[in-house]
Amino acid sequence: MTNPPQAKIDIDSYEAGFLLGLYERMVQIREFEEGVKFLFLEGTMPGTIHQCQGQEACAVGVCTALEPTDWITSTFRGHGHALAKGLSVDEMLFELFGAATGCAGGKGGSMHMVNMDKGMIPSIAIVAGGVPVAAGMALAFKMQQTGQVAACFFGDGAIAEGAFHEGVNMAAIWDVPVVFICENNQYGASTHVSKVMRAATIAERLSSYGIDGRRIDGNDVIAVYEAARRAVDDCRAGRGPAFLELLTYRRTGHSRRDACHYQPKPEREQWLEYDPIVRLGQALVEAGHATTEELDAVRKQILTSFDDAVERAKTQPQPTLADLTTHVLA
Amino acid sequence: MTTTTTPKRVSIAESLRGAITEEMERDPKVFCLGEDIAVPGGWGGAFTVTLGLEERFPDRMINTPIAELGFFGVGVGAALMGMRPIVDVQYGDFLFLAMDQIVNNAAKMCYMSGGQCKVPLVMRAPVGATGRGSQHAQNLERYFIGVPGLKVVAVSTAYDARGILKAAVRDDNPVLIFEHKLLYGSKGARAESGAIDASSEIPEGDYVLPLDQAAIRREGNDVTIVGWLLTAHLAQQAADRLADEGVQAEVIDARSLSPIDFATICASVEKTGRLVIVEEGPKTGGVGAEIAAGVTERLGDRARASIRRVASADIPVPFTPVLENAYVPDVPRIMAAVLDMVKG
């Protein structure tokens, strides 16, 4: 069940501008994650991090299928979702630096990225905690007939939680517009998904809720986008909820100092070959939409602006002690 | 169609029903979410509070599966998107199932978003020992008063229930309302034996009550007795009998448990010099401990006598009536504590 996907990315029906946009957003996430990893390890930033290198196609493919007025819920591994939903590098970096100018004023941190103007409630760092919340957001959309959709990100680890089953079931019996997105990166902390589930796929378990779960190649941004597009369209047409299992791989540690000694080396190497950014880049070059040099330039441009953002982050004001007890109540 | 005019003398169950009805009519964003609340011919929730509302609001009475963690999360999500859900559990004991959504999400969203999020969620929970054994009986207040971001109130009269429910619905924060099974005045098959009359004359028109204020139920100069829910009533009964013995007790219904109204309580204790806190629930780690500590910190030597707590033993709630009766504080125990303190 965990063999890496083999199919070539099929980009034939898309224009170069759209594809390069996907590429750029995935590189943005990759370089953000690599950059903050370095900043954490050198001790520049406080706290802890849970990273998503290698899973960029999930965040970008899904969020590209959403409208700005749609909403997402995320998890402790949420930087990619936040960037893909439109949060800026600045507001996120400032938050990681604990600054008063961060997206949560320094009170949220890595695991609670938020921007209520951009359709992202605070990431919920309790596993599966966002599943019933997303069902409730979608219930609100349905009751008010707003036409909005909620997209709920979580990992394979969430599938064993009661909150997952309760939330998915209620979304199903009420037909609410929510797309559940399981990023199956195959590891819940250090435990492989096969150790916590007897079924062959997560997707097939959804039939017990009357939901047509589908497993998608989560490292193929086009496949993810197309599946998410269908799911979002279904939800908007009143045929929700929908469920996508995006098969991918967690190449980083669970959190910052985890060296992943429990991941077999051949498995890691095999999955590294299916890097979602490399795969799209190759397709772009083969189709003549971009040269390797042009793709490198995209990366360099992103790196430069990230470095600039880090310099700005270092000089942002920290909250004062007067902020300690504010915002406890609305 | 039921009428919007609230009957003059009503029970807590009727008062809550009337208040919910009026709030749903006033604001289309208000809706109810819970188990067995919207079944035609059904119960109207475990204690008849929402009886018949599904006929009037067929799209806003959302009947849930038995899934407390899930539907409290649904309430959080809907509230984040601007709705004003009223979520209830059949028995307060089931709040433990929903604990993650209440404590980690509802209560923290505002703070951890730097003030961007509001969670206008009303939660209702019946508590109290009523012949149902250990798991349909606990007083849950203690578990929630130390959760920043959550307002916790306890209603002991029909008048309060109406004003507090309405205030909670209009508040932008999560508010947990505790209600007592023996005080509802539920009728028919849902009537409780041993019930206490908590009905009130309800004035015409709309009113709200503050969510942070205790109520002085009886004035006196000799001792302050603080209770809430059932024990607010027991304290008043004890005070009536203490008067026969020449002791004038001031009775305070704490009403707001988070925040605790220390201004009202301390002013009374400064006057009387004595404080007895009556709590249904184990003495250890109870709300009474927080009240006692808070009053001590604030008044120091100005309280003449030591503070007493009349509470349950540190045991689960027993079933058999002889033991359950010994678990719940009663009038003789309250009187004994007061008399010991006054004469000691």
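So, B:V87 sits across from B:M123, a residue of strand 5 of chain B. Keep in mind that this is a predicted model. The two strands to look at here are strand 4 of chain B, residues 84–88, and strand 5 of chain B, which run parallel and are linked by three bridges.

Okay, zoom out a bit. Which sheet do these strands belong to? In chain B, seven strands make an open sheet, and the order across it is 3-2-4-5-7-6-12, with mixed pairing. At the edges you'll find strand 3 (61–63) and strand 12 (256–258) of chain B, and each of those has a partner on one side only. On average, neighbouring strands in the sheet are turned by 20° against each other, if you ignore direction.

Strand 5 of chain B turns up again when we look at helix 4 of chain B, residues 99–106. In that helix, B:Q101, B:I102, B:V103, B:N105 and B:A106 are buried. And what covers them? Part of the cover is strand 5 (122–127) of chain B, along with helices 3, 5 and 6 of chain B, and helix 5 (130–144) of chain A is in there too.

Now the nonpolar cores. The largest one has 163 residues, and the members touching the most others are A:F154, B:L95 and B:F178. Helix 5 of chain A gives the largest share, nine residues. Why does this core lie between domain 1 and domain 2 of chain B? Because both domains, 9–201 and 215–343, give residues to it.

Let's stay with A:F154 for a second: beyond its sequence neighbours, its contacts include A:V131, A:I159, A:F164 and A:F243. There's also a second, separate core of 68 residues, with A:V89 and A:V310 among them.

How values were computed. Residues numbered from 1 in each chain as written. Chains lettered and ligands numbered in written order. Predicted model: local features only at pLDDT ≥ 70, side-chain atom pairs only at ≥ 80, totals over all residues. Heavy atoms only, no water. Buried < 20%, exposed > 50% of the residue type's maximum accessible area, 1.4 Å probe, protein only. Helix = DSSP H or I, 4+ residues; strand = E, 2+ residues; numbered from the N terminus. Contact = heavy atoms within 4.5 Å. Pairing = 2+ DSSP bridges. Axes fitted to C-alpha atoms, helices over the stretch in contact; angles between N-to-C directions. Core = buried A, V, L, I, M, F, W, Y, C linked by side-chain atoms within 4.5 Å. Domains from an automatic or database assignment. Lists of a residue's contacts leave out its neighbours within four places in sequence.
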